[in-house]
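Work through the following exercises with the coordinates open. Each task is followed by a solution in steps.

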Amino acid sequence: IALETGMHIGGSQESMQIGGVDLPVIKDALNNLPYIPGSSLKGKLRSTLEKFGKRTKNGKKEKLTYNRNIGTVRNQVFIHCCEDVRYALECDVCRIFGSSGDDRGVPKGQKAENFPSLLLVRDCLLDEALMHPSQILTEIKTETGLDRTTMAANPRRVERILPDTIFNLDMIYSVEAISLGEKSNLEFSKIKLEEDLANILTCMGIIQNEGIGGYASRGYGKVTFTFTQFLARSLGYFQGASDKEKGKDSVEGFTIEVARKEIESIVSFLEGEFNDAIAS
């Protein structure tokens, strides 16, 4: 992840100091270097997909609603979350990011089930190999709000990470065959996997356009994603067979659109590996 403009993802303020920073960026406690929390990026991906994703319910496609308050009564934070695992499997958002069941959303006497997240997003640490030892990583920018009646200024000192800073991004999508009943057969859902990978890449493209972190409407947080790997690895790869992977691997890096062209071959490879596993 390369920053095109300054970025602010807030951290905790340990002490109050006169002339100090009002809104610091989050930093690694061990080395005091800024980083992008995986939870922040994953939350941005999810909220982006909630805007255009859909789900199939009772045989009909429907737009997603913000139906779950994950905040408090006084500070409400609404997201989309399917009521049960059966709905989650047919939902663009919950199939990737998971959902927690709600007994109120299923027939009486039936217990709702959770669906785990299939996408893992690790913390994006600063690429120290691309950082000069004397490089300054952050700056303090004063943002001012004006009272529209009195014109009194309300300045805030905001810390932000400087442009051209590079972070390493690592995301893992677990491909699983899921059976909801003892009598149902395991199936490889090729279409859903293609949709999920395409939706993740689409969300990354939107984030490049919108930005990440706070104050994006003021120009903060413009980023560019550059891939060095977009790979599918079957179980055999982790058992020692180095040829059990498929996709693109490039030191020079490639764009989201180049990665998108690899989806079909990656999914076909995984389908073949799935069929071999079932047959054996």
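The model is predicted, and residues are numbered from 1 along the chain.

**Exercise 1. Describe the overall make-up of the protein chain.**

Step 1. Count the secondary structure: the protein chain contains seven helices and twelve strands.

Step 2. Take the extent of the C-alpha trace along its principal axes, which is about 70 × 50 × 30 Å.

Step 3. Sort residues by accessibility. Of the 280 residues in the protein chain, 36% are buried. The accessible surface is about 16800 Å², and carbon and sulfur atoms account for 50% of it.

Step 4. Consider contacts between residues at least 6 apart in sequence: 61% of them join residues at least 24 apart.

Step 5. Tally the charged side chains. There are 35 positive and 39 negative ones, and the centres of the two sets are 8 Å apart.

**Exercise 2. Characterise the largest nonpolar core and the surroundings of L41.**

Step 1. The largest nonpolar core has 57 residues, and the members that touch the most others are L41 and F167.

Step 2. Assign the core to elements. Those that give two or more residues include helix 1 (38-52), strand 6 (119-121), helix 4 (190-210), strand 11 (227-233) and helix 7 (263-279). Helix 4 contributes the most, namely seven residues.

Step 3. List the contacts of L41, leaving out neighbours within four places in sequence. The remaining partners are I1, V121, C124, L169, I207, I212 and F225.

**Exercise 3. Work out the pairing of strand 2 with strand 3 and the turn between them.**

Step 1. Strand 2 covers residues 54-57 and strand 3 covers residues 60-63. The two run antiparallel and are joined by four bridges.

Step 2. Read off bridge partners in strand 3: K54 is matched with K63, and T56 with K61.

Step 3. Inspect the turn. The hairpin has two residues between the strands, and N58 takes a positive phi near 55°.

**Exercise 4. Find residues other than glycine with positive phi in two further loops.**

Step 1. D164 is not a glycine, yet its phi is positive, near 75°. D164 sits in the loop between strand 8 and strand 9 (171-173).

Step 2. Classify D164 by accessibility. Its relative accessibility is 65%, and the threshold for exposed is over 50%, so D164 counts as exposed.

Step 3. Y215 also is not a glycine and has a positive phi, of about 60°. Its loop lies between helix 4 and strand 10 (223-224).

**Exercise 5. Locate T149, decide whether it is buried or exposed, and relate its position to that of I166.**

Step 1. T149 belongs to the loop that links strand 7 (138-146) and strand 8 (153-161).

Step 2. The relative accessible area of T149 is 73%; exposed requires over 50%, therefore T149 is exposed.

Step 3. Compare chain separation with distance in space. T149 and I166 are 17 residues apart along the chain, and their C-alpha atoms are separated by 42 Å.

Key. This is a predicted model: local features need pLDDT of at least 70, side-chain atom pairs count only at pLDDT 80 or more; totals for chains, interfaces and linings use all residues. Side-chain values use heavy atoms; hydrogens and water are left out. A nonpolar core is a set of buried Ala, Val, Leu, Ile, Met, Phe, Trp, Tyr and Cys residues joined through side-chain atoms within 4.5 Å. Buried means under 20% relative accessible area, exposed over 50%, partly exposed in between (1.4 Å probe, protein chains only). Contact means heavy atoms within 4.5 Å. Two strands pair if DSSP finds at least two bridges between them. Accessible areas come from the Shrake-Rupley method with a 1.4 Å probe; for residues, only the protein chains shown count as cover. Lys and Arg count as positive and Asp and Glu as negative; His and the chain ends are not counted. The place of a charge is taken as NZ of Lys, CZ of Arg, CG of Asp or CD of Glu.
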